[in-house]
Amino acid sequence: MAAGVATWLPFARAAAVGWLPLAQQPLPPAPGVKATRGDEVLVVNVSGRRFETWKNTLDRYPDTLLGSSEKEFFYDADSGEYFFDRDPDMFRHVLNFYRTGRLHCPRQECIQAFDEELAFYGLVPELVGDCCLEEYRDRKKENAERLAEDEEAEQAGDGPALPAGSSLRQRLWRAFENPHTSTAALVFYYVTGFFIAVSVVANVVETIPCRGSARRPPREQPCGERFPMAFFCMDTACVLIFTGEYLLRLFAAPSRCRFLRSVMSLIDVVAILPYYIGLFVPKNEDVSGAFVTLRVFRVFRIFKFSRHSQGLRILGYTLKSCASELGFLLFSLTMAIIIFATVMFYAEKGTNKTNFTSIPAAFWYTIVTMTTLGYGDMVPSTIAGKIFGSICSLSGVLVIALPVPVIVSNFSRIYHQNQRADKRRAQQKVRLARIRLAKSGTTNAFLQYKQNGGLEDSGSGEEQALCVRNRSAFEHQHHHLLHCLEKTTCHEFTDELTFSEALGAVSLGGHTSRSTSMSSQPVGPSSLLSSCCPRRAKRRAIRLANSTASVSRGSMQELDTLAGLRRSPAPQSRSSLNAKPHDSLDLNCDSRDFVAAIISIPTPPANTPDESQPSSPGGGGRTSSTLRNSSLGTPCLLPETVKISSL
Amino acid sequence: VGDRRKARLSPSPLPADSVEDEFELSTVCHRPEGLEQLQEQTKFTRKELQVLYRGFKNECPSGIVSEENFKQIYSQFFPQGDSSTYAAFLFNAFDTNHDGSVSFEDFVAGLSVILRGTVDDRLNWAFNLYDLNKDGCITKEEMLDIMKSIYDMMGKYTYPALREEAPREHVENFFQKMDRNKDGVVTIEEFIESCQKDENIMRSMQLFDNVI
């Protein structure tokens with residue numbers, strides 16, 4: 001359901017008649033309605049193509065260009081239509097958004113152009129409906145990546161500039177992580193790569209039999225034993241380089257614990273440890289077996305290449321993420337192996353001189369047969385054995401072939417899913433944040449409205465109009481509705497800050513007595529306050545007293561929150577409080593704008609007509625623009641503040 | 001009265017299930033009676049009815065509003081509190097034929113009473129809203145339910161902080177004012193009489209004259 005909140009507002013207001021008999025206070029009068037000419041058809045001329053729509057439709061989203069008074073800038077009085085010099089094809093989608101509440105993304109248009117149109121018409125890209133959102137984001141990401149690649153290719157040598165005062169450690173770490181940032185790092189990168197290769201090759205060559213030249217008959221000896229010194233020196237050199245690199249990385253790492261636990265550092269350690277262990281192990285026959293085993297671990301040096309190769313890292317990651325599927329494959333294979341090995345063993349049991357000496361011995365046969373290797377070192381001789389052997393090999397093909405496509409497709413699915421899940425999580429967070437913001441925006445807008453003079457209905461004609469001139473009719477009526485609710489229940493809406501402060505409010509003592517004198521100020525409804533809510537006057541006092549306190553603290557922090565804005569004018573106004581009232585009015589206006597400028601920055605225009613979570617579209621976005629434009633409240637407020645300064 | 005409902009899958013009242021709702025929505029299309037008839041039945045002008053229907057149809061293409069939709073719509077206006085209970089009561093008040101959904105006729109009929117009716121009509125409507133079981137009198141329990149639902153809409157952050165007894169006290173005040181013969185219930189006559197004597201209420205009744 002498209003969220004046309006504005007459509008339902010009249011209904012909500014009408015339903016407020018249910019509160020009337022219950023209200024213990026008189027309800028505020030309704031906002032003045034301008035001459036309603038009824039709904040009319042607007043003509044929007046976009047580069048010659050005329051679109052016609054009801055004014056109500058456009059008014060649904062008051063935060064956008066077409067929904068706000070901004071469109072008046074484009075009004076052509078001669079032709080009586082709104083003229084936009086933009087792409088008419090794109091405009092179709094924009095207009096449909098107003099009609100249906102969902103923004104669709106055109107498939108055949110360039111995403112960049114679409115984005116520009118959205119920005120022009122004041123629509124946030126998050127409004128793109130779910131049906132088109134994924135594709136929109138994908139295309140946008142593609143574009144962004146392509147642009148990023150181009151940029152990277154352009155500035156080949158320049159990496160991100162480090163802050164000037166970065167320590168040696170930070171520079172070292174950066175050199176390690178991004179080798180292409182400086183020539184030294186690049187040299188180091190290639191040198192280590194070279195030594196890894198040398199080490200691996202040495203390990204391999206060491207075992208090749210070299211022809212012993214000096215002996216007759218030529219005795220085959222592995223090169224490692226022929227030239228032990230040479231290989232030892234090469235090994236030492238490599239290990240020294242690796243150790244040095246490891247220690248340097250350890251020194252440069254921003255978080256040493258994390259570095260120690262990372263996979264790459266573990267690989268490094270495993271690569272160099274055998275050498276050191278070998279150094280300290282005495283060369284006697286008993287331990288040499290273990291020593292030889294240690295040498296096997298030297299082959300792990302090849303994994304050090306994964307620092308140099310992106311592909312290896314990706315492979316490692318995907319294997320890790322496919323672990324469950326691989327486990328399943330392994331499990332099903334194991335099951336089949338055990339079954340067939342048992343069968344083959346018992347089938348071949350009777351034969352003389354059979355290879356199938358035990359079930360575990362039969363495992364080897366089963367594996368070799370099932371994977372269709374067929375070495376032939378173990379073959380069944382009985383007929384039953386041969387039959388079962390053939391069944392084994394046939395089923396082997398099936399058992400292995402079946403999980404593999406599953407694994408492959410799983411792998412690709414998992415890979416894409418991960419990407420999508422991350423995207424969705426981020427989207428969800430953004431959406432929730434936006435909803436929260438809109439809700440608080442609505443509330444804050446209402447609280448702002450109250451402070452601006454919603455309370456003073458009669459006395460302050462033009463000033464009030466001045467304050468609230470940019471408030472839309474929708475907001476007027478919505479705020480009036482909330483105000484009626486307040487009056488009915490004799491409680492007021494506040495925000496979290498004030499609520500918690502009020503809970504811990506200290507007794508006011510002297511302030512209260514002065515404030516009661518203030519409550520007799522010529523403020524319309526306040527005279528009626530005493531009947532129902534005697535605490536209202538005190539609340540005002542608390543608020544204003546708090547404002548003194550906060551102003552005297554003089555912290556900018558107060559200004560940065562809307563609560564602060566509600567409670568106190570800017571610190572400049574404190575000095576102005578000693579000035580004459582009408583002067584302070586002007587000064588206060590400026591300060592309010594100043595403050596508003598601060599406030600308007602963190603509040604993004606929240607266009608929130610989501611299908612799932614409809615919330616007042618007027619609230620969020622309007623807050624910022626209202627704050628931007630509103631001048632200070634009523635003069636009635638000022639005499640009170642002046643009085644406080646005299647305390 | 002012509003056949004108002006088109007192609008329904010089942011003659012039973014519309015199920016509240018969301019799954020079935022999806023399915024039903026595509027086949028059930030409720031069309032209201034003609035414009036002239038509505039003009040006769042309500043006090044709206046032709047243009048006003050047109051504007052109302054356009055908005056209504058846009059939001060609810062199927063032509064009816066279910067209770068869930070209703071609650072959702074209403075909650076948009078009260079982001080701080082929980083308006084679902086009050087919205088449920090409102091829904092019952094609008095749904096005059098108690099078929100579980102509010103059609104355009106119900107909607108417009110209700111609005112017509114509130115916005116264009118006489119003060120007595122409006123008071124009657126309010127009474128009907130409070131009288132949850134529609135037995136002609138408001139008991140303290142009914143009033144307490146209504147009051148709690150209204151206070152729920154205020155939410156947590158209010159000044160002064162909402163106490164548990166606030167609705168009850170309010171109900172006591174209400175009964176003190178309205179219940180003439182102190183028999184523990186408020187009948188329609190007592191209600192209208194007491195409201196007519198209260199200036200504030202009379203004045204506020206004019207508040208919503210120009211909502212549409």
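The following dialogue examines how terms are applied to a predicted model.

Modeller: In this predicted model, local features need pLDDT of at least 70 and side-chain atom pairs count only at pLDDT 80 or more, while totals for chains, interfaces and linings use all residues. Residues are numbered from 1 along each chain as its sequence is written, chains are lettered from A and ligands numbered from 1 in the order in which they are written, and side-chain values use heavy atoms, without hydrogens and water.

Biologist: What makes E2-E1-E4-E3 of chain A an open sheet with edges?

Modeller: Four strands stand in that order, with mixed pairing. Strand E2 (49-54) and strand E3 (75-76) of chain A each have a single partner strand, so one side of each is left without a neighbour in the sheet. Strands here are DSSP runs of E with at least two residues, and helices are runs of H or I with at least four, numbered from the N terminus.

Biologist: How do you know that E1(A) and E2(A) pair, and in which sense?

Modeller: Two strands pair if DSSP finds at least two bridges between them. E1(A) and E2(A) have six bridges, in the antiparallel sense, and A:Val46 stands opposite A:Arg49 in E2(A). The two strands form a hairpin with two residues between them, and A:Ser47 in the turn has a positive phi of about 50°.

Biologist: What makes the pairing in this sheet mixed?

Modeller: E1(A) and E4(A) pair in the parallel sense over three bridges, with A:Val46 opposite A:Phe84 in E4(A). E3(A) and strand E4 (residues 81-84) of chain A, by contrast, pair in the antiparallel sense over two bridges, and A:Asp76 stands opposite A:Glu81. In general, strands of a sheet pair through backbone hydrogen bonds, either parallel or antiparallel.

Biologist: Why is strand E1 (residues 41-46) of chain A called mostly covered?

Modeller: Five of its six residues are buried. Buried means under 20% relative accessible area, exposed over 50%, and partly exposed in between (1.4 Å probe, protein chains only).

Biologist: Why is A:Phe303 called partly exposed?

Modeller: Its relative accessibility is 41%, so A:Phe303 counts as partly exposed. A:Phe303 lies in the loop between helix H12 (285-296) and helix H13 (310-321) of chain A.

Biologist: Why are A:Trp8 and B:Phe56 called an edge-to-face pair?

Modeller: Rings of Phe, Tyr and Trp (its six-membered ring) pair if their centres lie within 6.5 Å; planes under 30 degrees apart count as stacked, over 60 as edge-to-face and the rest as tilted. The structure holds 48 aromatic pairs over all chains. For A:Trp8 and B:Phe56 the values are 6.1 Å centre to centre and 70° between the planes, which gives an edge-to-face pair. A:Trp8 lies in helix H1 (residues 5-15) of chain A and B:Phe56 in helix H3 (residues 46-59) of chain B, so the pair joins two chains.

Biologist: Are A:Trp8 and B:Phe56 buried or exposed?

Modeller: A:Trp8, at 4% relative accessibility, counts as buried, and B:Phe56, at 2%, also counts as buried.

Biologist: What makes B:Phe94 and B:Trp125 an edge-to-face pair?

Modeller: Their ring centres are 5.6 Å apart and their planes stand at 70°, so the pair is edge-to-face. The pair links distant parts of the chain: B:Phe94 is in helix H5 (residues 84-94) and B:Trp125 in helix H7 (residues 119-130) of chain B, 31 residues apart. B:Phe94 is buried, with a relative accessible area of 1%, and B:Trp125 is buried at 8%.
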